[in-house]
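Open the model in your viewer and keep the selection panel at hand. The stops below go from the interior to the contact between chains.

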Amino acid sequence: LIGAFEAEESVKQLGLISHLENDIKFSNEFAQTLGFEVLQFKDTNVSQAIEKLNSLESSPTLFVRAMSLEELVIADQAIKNSNRPVEAHLFVGDELLDKRSILLRSHSIENLLFTKDAFAEQSGHFYALATASSDDINNNFKIQWPRSEICRHMMQTSHQKKNIATDMKTRLMNLNMHDGVANAAVSAIDELIMNAFFDAPVDENGLQLYANTDRSELIQFDDIKKSVHTTLSTLGDFAALQVTDSFGSADRVSILTHACRSLSGTSAVFGQNAKSSGLGLAMVLASGGSLSYRIKPGERTEAKVFFRTNSRPNEVKKQFQFISVTQS
Amino acid sequence: MKFEIEKTTENEIQCTLSGVIDENSNFEVQLSAKLKKMTIQCREVERINSVGILLWRRFFSKVRKQGTQLVFLEVAPSIMVQTGFIVDMILKDELVSLCLPFTCSSCKKSTKNVFTVDMLKNFVNNPSSTECPICKGESVFDDLIEEYTSILD
């Protein structure tokens, strides 16, 4: 795949707007892996940087760190006003999580990269996946996911979850995954399956059907078209677990709001009669995996979480995490 | 999840939790109103999901409210890592001992080593490796220590 990418004639450029050591390291490694030329913009703001990027021949990929709300708004506007498509990725540290309403409304940012500044050491997973998908014909890299499928399950009842989780754990252990990381991965898919059965189903008016149903109750889809699918795929040292529902009711802003809330350490609040804890996404993120949602409203939601199969728990928790939510 | 009661008297109960704590976990144990102390051994809790956390919290909140003292022994890593963001999962004074995950540098085997709270405090200042019970190689702590110590703050 790298070879296929290197065969491209045009030079790809990566614009970096950040002075933070971690971001520079991340971008340099990313660029080196994918054969990008790095343009680091110093002493300039996002608008000026975009202006310079607009004068380039190729469509740029942009990594940007906005340190304040004002910078974030400027970045958003500049990317929207660009005269060519800019593939923008936003580094997000603790400093911006409380500014999430602006952050989340913006569709100009492809991916949010949660760098966990204090210990962002393992960034390889991000650009390894980018490498894996860099043969895209449109000459932009898109984060995709391991495609070599190990297993696929079709679920028509919520009670199949336990067996699926057990099967996934066995298969992950067969990939020589560390027991602790395999447990984290299984926890993530446990939550995603529960979401698919209890939160995703909606009626014709978009109202949730089972959100207030006890999670131990049996939900059964008699219509085969409404089944939930799970897959486990690998690519080199990476494993991706995917859950797909056929409702497409997930919403980009609410997913990212939940994500920011859990990453900013907001304590969970439980109602006495609540059927769910509202911690599902937090548990997925706490597993250390990165997360991608692709939503086709009214049709399907694909939620994917991936892990490096040869990492130890300590390494998984120190890695960059990204969240990508695409809503078509 | 298995919830096994090992010993019970009028004032005290000792039990063991193990397996996966999830939406199917049954915490509906009838406890005597006179119960003064409940000791829970949870070394073998493999994992807990979000609904499991909800059920755990509801059950132990109810036990606390009736005035029973809770004592948690050998708390598994899967539970310890939740204590950082679920404030009343286990209270500071209820934790007696916990398990820290170690991985052998040679054979990669993971093990759980039991630490009392005092041992944990010493370990934070002087982290040390242990001998792998399988290959006698060097086994090192393999997680983020702050996830295990936040309950002590």
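Start inside this predicted model. Select A:Leu62, A:Leu172, A:Leu241 and A:Tyr293: within the largest nonpolar core, which has 65 residues, these four touch the most other members. Now add α9(A), the element that gives the most to this core, with 12 residues.

Zoom in on A:Tyr293. Which residues does A:Tyr293 touch, leaving out those up to four places away in sequence? They are A:Leu192, A:Ile255, A:Leu281, A:Thr301, A:Glu302, A:Ala303, A:Ser324, A:Val325 and A:Thr326.

Another core, of 43 residues, lies apart from the largest one. To find this second core, pick B:Val29, B:Met38, B:Ile79 and B:Phe102, which are among its members.

Next, show the contact between the chains. Select 33 residues from chain A and 25 residues from chain B. The area buried between chain A and chain B is about 2,400 Å², and carbon and sulfur atoms give 53% of it.

Color by charge. How many salt bridges cross the interface of chain A and chain B? The rule finds four. For one salt bridge, select B:Glu23 and A:Lys161; their closest N and O atoms are 2.8 Å apart. Eight residue pairs, both partners at pLDDT 80 or more, are in polar contact between chain A and chain B.

Finish on the chain A side of the contact. Highlight α8 (161-174), α9 (179-199), α11 (280-286) and α12 (313-316), each of which supplies at least two residues to the side touching chain B. The largest share, seven residues, comes from α9(A). By class, this side of chain A has 11 nonpolar, 12 polar and 10 charged residues.

Terms used
Residues numbered from 1 in each chain as written. Chains lettered and ligands numbered in written order. Predicted model: local features only at pLDDT ≥ 70, side-chain atom pairs only at ≥ 80, totals over all residues. Heavy atoms only, no water. Contact = heavy atoms within 4.5 Å. Buried area = accessible area lost by both parts, 1.4 Å probe. Salt bridge = Lys/Arg side-chain N within 4 Å of Asp/Glu carboxyl O. Polar contact = N/O pair within 3.5 Å; in protein donor to acceptor, adjacent residues only side chain to side chain. Helix = DSSP H or I, 4+ residues; strand = E, 2+ residues; numbered from the N terminus. Nonpolar A, V, L, I, M, F, W, Y, C, P; charged D, E, K, R; others polar. Core = buried A, V, L, I, M, F, W, Y, C linked by side-chain atoms within 4.5 Å. Buried < 20%, exposed > 50% of the residue type's maximum accessible area, 1.4 Å probe, protein only.
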